[in-house]
Each structure stands twice: as structure tokens, then as C-alpha cells.
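Hi,

Here is the structure I promised to pass on to you. My notes on what turned up in it follow just below.

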Amino acid sequence: MKEKTAAEKGTRTGFTTGACTAAAARAAVLGLVHGRVPEEIESLLPNGSRITFAIHDGSCDNGRAHAMVIKFAGDDPDCTDGAHMTVDLRLLSGQAGVVSYVAGDGVGTVTMKGLGLEVGGPAINPVPRKNIADNLHEAAPELMARHGIEVTVSVPDGQVMAKKTTNARLGILGGISILGTTGIVKPYSTAAWRASVVQGVQVAATAGHNLVALTTGGRTETFAMSALRAERPELPAACFVQMGDFLRYALDEVVAQGIELVVMAVMVGKLTKIAQGETITHANRSEVDTDLVAEIGRRIGATEEDCAAMAAAETARFGAELMVERGLGDAFHHALAQAAIDTLRAPDRYGHKFQLRVLVCDFSGVQVADVWSGPADLQQRPASAGRIGIDHLPEA
């Protein structure tokens with residue numbers, strides 16, 4: 001096999017768990033119709049395009065059929081790459097057009113409200129469900145006009161894969177979720193994480209506390225849990241969402257769900273990016289504006305020599321640690337947190353749609369700032385708030 005060049009690496013698109021499952025279902029229903037499961041089929045994706053999938057382990061007998069598609073994630077880092085997306089169909093005699101879904105081995109079961117799925121049912125999202133049904137109806141219209149189909153989806157080792165996701169936090173137990181909105185996964189989109197952030201906020205909205213704590217990772221989450229549970233011991237884990245770099249997706253969903261208080265637990269690097277207006281804070285997307293760090297220092301009375309050093313530095317951490325050395329650490333972190341609040345609550349961003357509290361910790365997990373915005377302006381919030389800047393739920 002020819003070695004990929006540097007320019008070619010990272011360019012291959014892949015397919016979502018939902019698209020692979022739908023392809024397996026299409027192949028299996030063709031087995032029910034023709035008595036043989038094909039080794040290759042062209043499947044309809046949710047975005048309307050058609051892709052050819054190889055089918056494995058096809059079999060059919062006595063109103064049942066089995067097929068499997070090996071998931072290919074392209075060049076996207078994805079814990080489900082190579083998963084055996086397995087479908088078993090059972091004919092529901094006389095139940096014309098009915099399509100029901102069952103979680104097989106390795107597919108999660110929904111145990112909490114907020115995901116738009118029935119509690120106790122399989123963690124198969126609405127778009128994949130529709131995509132599966134569309135393929136069944138399109139491939140076997142005469143059969144579906146007279147009978148229904150029970151679709152059992154299984155993923156061997158799905159329980160192991162699920163440990164690398166936030167499913168348990170979302171109340172999805174026993175395996176992975178079947179996800180996807182277009183059917184396509186773009187390279188390095190980290191789409192599954194984005195989707196989990198949105199779902200995490202949705203679940204937090206059902207927890208009954210009208211609060212979500214957004215953190216950037218494990219360290220800031222531990223910090224946030226310690227700080228907030230000291231005040232409100234009853235807060236469940238569902239109120240804490242690791243947003244990673246995806247602040248925009250989290251806050252858009254906060255608005256959509258009508259949550260009134262957002263607690264953001266961050267360290268100085270991400271906080272600086274938020275203050276400078278970035279809502280996707282990945283290192284590859286934007287650089288820290290150290291001129292802003294220097295300006296914050298200037299506002300709290302730092303010397304021009306120190307401000308110049310902060311502006312010339314590569315990281316915001318340098319400026320923060322310099323201000324701590326100068327005895328200005330508390331003032332610096334407070335001013336930077338306030339700058340982030342002012343940026344996010346600008347009229348052309350989120351305005352007063354929710355109240356914002358920024359908790360800042362240092363690299364040892366010690367709190368260095370706690371800054372509140374004014375209250376949410378509930379009178380200005382639309383009766384039915386919609387997402388801002390999100391066109392669709394991301395892929396996985």
C-alpha cells in the first residue's frame with residue numbers, strides 16, 4: 001500500500017454510528033425480501049447522499065435477518081472507529097409500517113430525561129432512527145406496507161467504548177449512543193465531544209436546579225464540584241458538563257433550554273481566550289492574545305515594564321504568575337474574569353439571557369477569583385428561546 005503523504009493525512013471523511021447502523025439495517029431487510037443478505041449495498045444518508053457500504057456476517061431465516069457494518073471514522077479520532085455496527089431484524093407480522101428499536105449488547109439504555117429519548121429505551125438518537133426507517137421503507141416498500149420491523153442494534157465491546165465518552169454522566173448506561181445528523185464525520189471535527197456537550201446541557205436542564213457548571217476538563221471540574229457543593233451539597237453530577245473547547249455549543253444550548261445560571265470554571269489560558277472573544281478555544285483555532293493580558297495588567301496598576309513583558313510572552317500563564325509575584329494576582333484574575341463576562345454578555349453575543357458566574361483556579365486547583373455578572377434579564381428572553389449559531393447537532 002502506498003504511504004500517504006503529509007498533505008493527504010487527516011483528510012479522509014468517515015461515517016457516523018447512525019449511518020453505519022442504517023446501512024446494516026438496509027442490507028438485513030433486503031435479506032428478508034430476497035432470502036439473501038447482499039455483501040454490498042448503497043445506503044441513503046440523512047443528508048440525502050448515498051454511500052456504498054460493505055456488509056459482513058449477513059444471514060436471514062424465518063422472519064429474521066442479521067447484518068453488520070464496520071464503522072470507518074476516516075481521520076477523525078473516534079473511540080468507535082472499527083466498531084462492528086450490528087443489526088438484527090425481526091418481522092412484526094401485520095403491523096404495517098411499524099419500526100421499533102431495541103438496545104442490544106453494547107448499545108446504551110437511556111435512564112435520565114433531557115435527551116429527547118424515552119427513559120428506559122435505547123440510546124439511538126432521533127436522526128439515526130429516521131434514517132434507519134427511511135432505508136427500510138425505501139429498500140422494502142411492499143414488505144413495510146404489510147408488516148413492521150423490530151430493529152435490535154448491537155455493538156460488541158460497546159461498554160468499553162462508552163467508558164471513553166460522557167455517556168454515564170448523561171444517564172446513558174450499558175454502552176454507546178447511536179448518533180449522527182448528516183451521516184458524515186469530518187476529520188478532526190471532535191464531533192462526538194461537541195454532541196456530548198449539547199446533550200450534557202440538555203440533561204442539566206432537567207435536573208431541577210436551573211444551573212449548569214461548564215468546565216474545561218477534569219481538573220476544573222473537580223475544582224467546580226468542590227466549590228459549588230460546599231454551597232449546595234445537593235447538586236448532582238448531571239449539573240456539571242465538561243465543555244472542553246466548545247463554549248459556544250454549550251452556551252447556545254443554555255439559551256435553548258432557558259437555564260438561568262451558568263457557572264464557568266476555568267484557568268487563565270482559556271479565560272483569556274474567552275475574554276478576547278473566542279468561543280471555540282482549541283489551541284489550533286486561536287492564539288492567546290497576550291496584548292490583552294498586558295492590558296488587564298495595565299488596568300490594575302502593573303508597571304509598563306511588566307506589561308511589556310506580558311505582551312511579549314507566549315502564554316497568558318506567564319502574565320498571571322508575574323502578577324501573583326507582584327502581589328496583584330487577585331486583582332488580575334478578577335479583572336480578567338470580568339472582561340470575559342463583559343465579552344460574553346455583549347448585546348451581539350448572549351446579552352442578559354442568563355446570569356454568569358466565573359470561577360477561576362490556578363494550576364494547583366486553588367480558587368483565585370469568583371466573579372458574578374448581573375442577573376439574567378428574564379423579561380427580554382424570548383418565550384421560546386432558540387439556539388444561537390448552531391445549525392444542527394454534531395456527528396458521531
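Let me start with a helix. The buried residues of H7 are Leu 247, Tyr 249, Ala 250, Leu 251, Asp 252, Glu 253, Val 254 and Val 255. Please keep in mind that this is a predicted model. Helix H7 covers residues 247-257, and with eight of its 11 residues buried it is mostly covered. Right after H7 comes Gly 258, which has a positive phi, near 75°.

Next, the sheet. Five strands make up an open sheet with mixed pairing, and their order is E15-E14-E16-E17-E18. The edges are held by strand E15 (240-242) and strand E18 (367-372); each has a single partner strand, so one side of each has no neighbour in the sheet. On average, neighbouring strands of this sheet are turned by 20° against each other, direction ignored. Helix H12 (residues 329-344) packs on the sheet, where it touches E16, strand E17 (355-361) and E18. The direction of H12 makes about 35° with that of E18.

Within the sheet, strand E14 (residues 211-215) and strand E16 (residues 261-266) run parallel and are joined by five bridges. If you want a spot to look at there, Thr 215 stands opposite Ala 265 in E16.

Now to the three helices H9, H10 and H11, which I would view together. How do H9 and H10 cross, and how close do their axes come? The two axes come within 7 Å and cross at roughly 160°. An angle over 145 degrees counts as roughly antiparallel, and H9 and H10 are therefore roughly antiparallel to each other. The crossing in which H9 passes H10 is right-handed. On the H9 side, the residues that meet H10 are Thr 290, Asp 291, Val 293, Ala 294, Gly 297 and Arg 298. Their counterparts in H10 are Glu 304, Cys 307, Met 310 and Ala 311.

Moving on to the second pair, the axes of helix H10 (residues 304-312) and H11 come within 8 Å, with a crossing angle of roughly 155°. That makes H10 roughly antiparallel to H11. H10 passes H11 in a right-handed crossing. Here Asp 306, Ala 309 and Met 310 from H10 meet Phe 318, Gly 319, Leu 322 and Met 323 from H11. Met 310 is listed among the H10 residues that meet H9, and it is also listed among those that meet H11.

On to the charged pairs. The count comes to 14 salt bridges. One of them is between the side chains of Arg 50 and Glu 138, at 2.8 Å from N to O. Arg 50 belongs to strand E3 (residues 50-54) and Glu 138 to helix H2 (residues 126-139), so this pair ties together parts that are 88 residues apart in sequence. Arg 50 counts as partly exposed at 37% relative accessibility, and Glu 138 is partly exposed too, at 34%.

Two further salt bridges sit within single helices. In helix H11 (residues 316-325), Glu 321 and Arg 317 are four residues apart, which means about one helical turn lies between them. Their closest N and O atoms are 2.8 Å apart. Glu 321 is partly exposed at 39%, and so is Arg 317 at 36%. Another set of salt bridges shares partners and joins Glu 295, Arg 298, Arg 299 and Glu 304 into one network.

The other pair within a helix belongs to that network: Glu 295 and Arg 299 meet in a salt bridge at 3.6 Å, N to O. Both residues lie in helix H9 (residues 290-299), four residues apart, about one turn of the helix. An α-helix has 3.6 residues a turn, so residues three or four places apart point the same way. Buried or exposed: which fits Arg 299? Arg 299 is exposed, with a relative accessible area of 53%, whereas Glu 295 is partly exposed at 30%.

One last residue, in case you would like a place to zoom in. Ser 154 is in strand E10 (residues 148-154). At 14% relative accessibility, Ser 154 counts as buried. Leaving aside neighbours within four places in sequence, Ser 154 is in contact with His 84, Met 85, Thr 86, Gly 104, Asp 105 and Val 107.

Happy to talk it through whenever suits you.

Best wishes

Key: Residues numbered from 1 in each chain as written. Predicted model: local features only at pLDDT ≥ 70, side-chain atom pairs only at ≥ 80, totals over all residues. Heavy atoms only, no water. Pairing = 2+ DSSP bridges. Helix = DSSP H or I, 4+ residues; strand = E, 2+ residues; numbered from the N terminus. Axes fitted to C-alpha atoms, helices over the stretch in contact; angles between N-to-C directions. Contact = heavy atoms within 4.5 Å. Buried < 20%, exposed > 50% of the residue type's maximum accessible area, 1.4 Å probe, protein only. Salt bridge = Lys/Arg side-chain N within 4 Å of Asp/Glu carboxyl O. Parallel < 35°, antiparallel > 145°, perpendicular 65-115°, else oblique. Left-handed = near helix turned anticlockwise from the far one by under 90°.
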